[in-house]
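Colleague: Please choose one part of this model and take me through it closely. I am new to this, so explain the terms as you go.

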Amino acid sequence: MKLHDISAYQTSAEHFFERLQAWDVDLVLDVRLHNTNQLAGFTKERDLDYFVREIEHATYVHDPEFSPKPDDLSAYLHKTMSWEDYAAAYERDLEARGAVADFFKKYGSYHSVAIVGTATDKRKSHAEVLVKVLEQALPDYLTQPS
């Protein structure tokens, strides 16, 4: 399984979908907490679902299990929590939820997964952390009996 993080912000549809095509994704996993507001542009949940199916011929899933806690996200966005503290809190939350095991149960059959986050020029995204955590767990997942 190949894992990629991609931002829904500060990108054109052309660049976004060229990256998905280059990665040959078969799953676009949207882990944004808020994916229906106007700021999401072409990546609003319903639009992105349609575009992923029609352009990339892949599966689109919005799965809030992998979204950050609203309070943590707010603290990070309002700069009352550092990136390091936010990333650590998110990792702890993933562990407490058993999210890594859930990811492989739900999505383990996919070969190339693009995880949609919210990175911008001025901030990082929890999607980056999720990819790192999943990549660290991937060898264990691959060696488990089916």
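Modeller: Start with helix 5. Helix 5 lies across strand 1, strand 2, strand 3 and strand 4 (contact means heavy atoms within 4.5 Å). Its direction is about 145 degrees from that of strand 2. Such angles run from 0 to 180 degrees between N-to-C directions, with axes fitted to C-alpha atoms, for helices over the stretch in contact. Helices (H or I, at least four residues) and strands (E, at least two) are DSSP runs, numbered from the N terminus. This is a predicted model, where local features need pLDDT of at least 70, side-chain atom pairs need 80 or more, and totals for chains, interfaces and linings use all residues. Residues count from 1 along each chain as its sequence is written, and side-chain values use heavy atoms, without hydrogens or water.

Now the sheet under the helix. It is open, has four strands in the order 1-4-2-3, and pairs in parallel (two strands pair if DSSP finds at least two bridges). Strand 1 (2–7) and strand 3 form the edges, each pairing on one side only. From one strand to the next, the twist averages 20 degrees. Strand 1 runs parallel to strand 4 (residues 112–117), and six bridges join them. One bridge sets Ser7 opposite Gly117 in strand 4. Helix 1 (residues 13–23) lies across strand 1, strand 2 (27–30) and strand 4, at about 175 degrees to strand 1.

Back to helix 5, and to Lys106. Lys106 makes a salt bridge with Asp63 (a side-chain nitrogen of Lys or Arg within 4 Å of a carboxyl oxygen of Asp or Glu). The closest N and O atoms are 2.9 Å apart. Lys106 sits in helix 5 (residues 99–107), while Asp63 sits in the loop between strand 3 (59–62) and helix 3 (70–77), 43 residues away. Lys106 also forms a salt bridge with Glu65, at 2.7 Å between the closest N and O atoms. Because Glu65 lies in the loop between strand 3 and helix 3, this pair ties together parts 41 residues apart in sequence. Through shared partners, Asp63, Glu65 and Lys106 join into one network.

How exposed are they? Lys106 has a relative accessible area of 39%, so it is partly exposed. Buried means under 20%, exposed over 50%, partly exposed in between (1.4 Å probe, protein chains only). Asp63, at 7%, is buried. Glu65, at 16%, is buried.

The structure holds seven salt bridges. One of them joins Arg53 to Asp49, with 3.3 Å between the closest N and O atoms. These two are four residues apart in helix 2 (residues 45–56), so about one helical turn separates them.
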